[in-house]
Amino acid sequence: MQLGIVGLGRMGGNIALRLMRDGHTTAVYDRSAEAVQRVAKDGATAARDLSHLVTLLEKPRAVWVMLPAGEITEQTIDALSNILEPGDTIIDGGNTFYKDDIRRAKRLAAKTIHYIDVGTSGGVWGLERGYCMMIGGPAEQVQRLDPIFRTLAPGIGNILRTEERKGGDPRPEQGYMYCGPAGAGHFVKMVHNGIEYGLMQAYAEGFDVLQAKASTELPEDERYTLDVADIAEVWRRGSVISSWLLDLTASALAENKTLTDFTGHVADSGEGRWTVEAAIEEAVPVPVLSTALYARFRSRSGNTFGEKLLSAMRNKFGGHIEPR
């Protein structure tokens with residue numbers, strides 16, 4: 001299939017490359033001419049601007065917007081809506097707030113332009129590992145673009161199949177799923193990121209306790225100098241708390257046990273906040289997710305080892321750089 005892609009940053013460029021490796025064709029645009037040329041060298045068709053991008057695509061067109069959530073995405077989708085034609089599709093694969101998806105879908109429907117929201121997880125590793133995707137929008141258009149999603153998804157890989165799972169939609173087992181109408185994909189991804197905050201905070205606090213066991217504030221016979229890198233490594237292998245986040249933690253600690261390259265200033269992308277807001281609207285208690293979010297706020301004024309570990313994990317899975 002053919003796909004237009006706007007935004008060639010940490011994930012957009014790799015999405016184009018993964019698609020082309022599987023035989024799809026792409027036309028790409030980014031404000032950075034250097035980013036466009038980098039992807040064009042691997043076979044993408046370079047566009048000068050959004051209008052040119054649209055002319056490079058066959059009807060019905062599909063354009064994937066992979067930009068930071070907020071005004072830049074809003075402006076880009078507005079511009080595309082004035083260039084595309086009835087029957088075309090706009091896909092937002094960024095971390096957009098799901099209520100914005102609902103609003104956009106209604107506005108685009110008036111122009112008979114389809115809107116699909118894709119919560120995309122995989123970070124800088126997506127090119128090789130694939131992207132876990134949570135998709136919202138009109139079911140028939142999602143199905144039409146299934147070859148795109150199937151290529152981007154990780155597939156079953158070496159993950160054991162769930163024995164109790166019988167029949168049903170085969171897509172979740174491949175690493176992508178149709179969640180429902182407009183906004184549903186980003187809503188599921190939003191909660192995914194809220195959970196991510198909680199998991200990361202649990203690891204960070206646990207390793208903080210391990211690191212502090214050597215404190216001179218403790219009785220001498222109760223002090224241990226523990227090798228946190230080795231602990232992360234052993235927990236990766238057969239333990240109940242093994243996970244990809246723990247794999248990344250082990251990698252960060254193997255590189256530098258004291259995490260001196262990190263200040264511990266931990267940013268939040270906004271999805272953790274939105275998850276807590278949704279929980280408040282639904283009157284659902286989320287003490288772990290709320291605390292994890294507030295811990296990130298606290299990290300911005302003096303930092304612990306655990307907060308440095310949070311920064312290290314974010315850098316490993318998403319290429320996020322600490323604010324300075």
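This passage describes helix 14 and its surroundings, the cysteines, a cavity and some backbone features of a predicted model.

Residues are numbered from 1 along each chain as its sequence is written. Because the model is predicted, local features need pLDDT of at least 70 and side-chain atom pairs count only at pLDDT 80 or more, whereas totals for chains, interfaces and linings use all residues; side-chain values use heavy atoms, with hydrogens and water left out.

Helix 14 makes a convenient starting point. Helices (H or I, at least four residues) and strands (E, at least two) are DSSP runs, numbered from the N terminus. Helix 14 covers residues 287-298, which is 12 residues. From first C-alpha to last, helix 14 reaches 16 Å, close to the 16 Å expected at 1.5 Å a residue, where the expected span is 1.5 Å times one less than the number of residues. Accessibility is sorted into three classes: buried means under 20% relative accessible area, exposed over 50%, and partly exposed in between (1.4 Å probe, protein chains only). By this scheme Leu-289, Ser-290, Ala-292, Leu-293, Ala-295 and Arg-296 of helix 14 are buried. As background to such a pattern, an α-helix has 3.6 residues a turn, so residues three or four places apart point the same way. The buried residues of helix 14 pack against helix 10 (184-212), helix 13 (271-282) and helix 15 (305-318), with contact meaning heavy atoms within 4.5 Å. Pro-287, also in helix 14, counts as exposed at 58% relative accessibility. Pro-287 is 210 residues from Ile-77 in sequence, and the two C-alpha atoms are 36 Å apart in space.

Two residues outside helix 14 show its packing in more detail. Gln-201 belongs to helix 10 and is buried, with a relative accessible area of 10%. Neighbours within four places in sequence aside, Gln-201 is in contact with Ala-292, Ala-295 and Leu-310; Ala-292 and Ala-295 are among the buried residues of helix 14. Asp-268 comes from the loop between helix 12 (244-255) and helix 13 and counts as buried at 13% relative accessibility. When residues up to four places away in sequence are not counted, Asp-268 touches Tyr-197, Arg-273, Leu-293, Arg-296, Phe-297 and Arg-300. Asp-268 and Arg-314 lie 46 residues apart in sequence, with 10.0 Å between their C-alpha atoms.

Arg-314 appears again in the lining of a cavity. Rolling a probe the size of a water molecule over the atoms shows where empty space is left. On a 1 Å grid over the protein atoms alone, a cavity is a set of points where a 1.4 Å probe fits but cannot get out, and lining residues have an atom within 4 Å of a point. Grid points are joined across faces, edges and corners, and a volume is the space filled by probe spheres set on the points. The search of the whole structure finds one cavity of 30 Å³ or more, and the largest cavity has a volume of about 50 Å³. Its lining consists of His-265, Val-266, Ala-267, Ser-311, Arg-314, Asn-315, His-320, Ile-321, Glu-322 and Pro-323. By class, this lining has four nonpolar, four polar and two charged residues; Ala, Val, Leu, Ile, Met, Phe, Trp, Tyr, Cys and Pro count as nonpolar, Asp, Glu, Lys and Arg as charged, and the others, Gly among them, as polar.

Turning to the cysteines, the structure holds zero disulfides, a disulfide being a pair of cysteine sulfur atoms within 2.5 Å. Cys-132 is in no disulfide, and the nearest cysteine sulfur, that of Cys-179, is 9.1 Å away. That separation is too far for a bond. Both residues are partly exposed, Cys-132 with a relative accessible area of 33% and Cys-179 with 24%.

Some backbone details complete the picture. Most residues other than glycine have a negative phi, and most peptide bonds are trans. The peptide bond from Lys-59 to Pro-60, however, is cis, with omega near -10°; Pro-60 sits in the loop between helix 3 (50-55) and strand 4 (62-65). Thr-112 has a positive phi of about 60° although it is not a glycine. This threonine lies in the loop between helix 5 (98-109) and strand 6 (114-121) and is partly exposed, at 46%. Leu-259, likewise not a glycine, has a positive phi of about 55°. Leu-259 is found in the loop between helix 12 and helix 13 and counts as buried, at 0% relative accessibility.

Definitions and conventions:
On a 1 Å grid over the protein atoms alone, a cavity is a set of points where a 1.4 Å probe fits but cannot get out, and a pocket is an open set with protein on both sides within 12 Å along at least five of seven lines; lining residues have an atom within 4 Å of a point.
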